[in-house]
Amino acid sequence: MIQVEKKLSDLNIAIHPNDGSDLNLFTLKHNFIFYAGTSLDEFKSGSGQLGEGTLQLLNDCPHGTLQVSEMIAVKLAWTQKALLILDDRKIYLTYSDQMEF
């Protein structure tokens, strides 16, 4: 589930630490180059980049929830579900109302 947080600046997202461990993320802050709302082909080629941002692991973020800034919510078309894909220093946020997670 996606939750828009006004306290997050433009290119920042947060997840619960347990969700972070599922992604092999164990420290509290991680810097990534963000991509959102683009195709997987654009992500792989490096086009459609939003810029560098931070993923934080926060205990006050509910488990299974992705907290995003308003800017990222717009790029995700205000959808309720998203999928995070990590590739080295890149993070891709994709969405589809038809996707089953």
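Two strands pair if DSSP finds at least two bridges between them. Strands themselves are DSSP runs (E, at least two residues), numbered from the N terminus. With that in hand, let us walk through this predicted model, where local features need pLDDT of at least 70, side-chain atom pairs count only at pLDDT 80 or more, and totals for chains, interfaces and linings use all residues. Residues are numbered from 1 along each chain as its sequence is written, and side-chain values use heavy atoms, with hydrogens and water left out.

A good place to start is strand β2, which covers residues 12–15. Asn 12 and Ala 14 point one way from β2, while Ile 13 and Ile 15 point the other way, and all are buried (under 20% relative accessible area with a 1.4 Å probe, protein chains only; over 50% is exposed, and in between is partly exposed). Strand β2 has two partners to look at here. With β4 (residues 49–57) it runs parallel, joined by 4 bridges, and Ile 13 stands opposite Leu 55 in β4. With β5 (residues 66–68) β2 runs antiparallel, joined by 2 bridges, and there Ala 14 faces Gln 67.

Now move along to β7, residues 90–94, a mostly covered strand in which 4 of 5 residues are buried. Strand β3 (residues 29–36) runs parallel to β7, with 4 bridges joining them. Strand β6 (residues 83–87) pairs with β7 in the antiparallel sense over 5 bridges. Look for Ile 91 in β7: Phe 34 stands opposite Ile 91, and so does Leu 86. Finally, the hairpin of β6 and β7 has 2 residues between its strands, and Asp 88 takes a positive phi near 60 degrees there.
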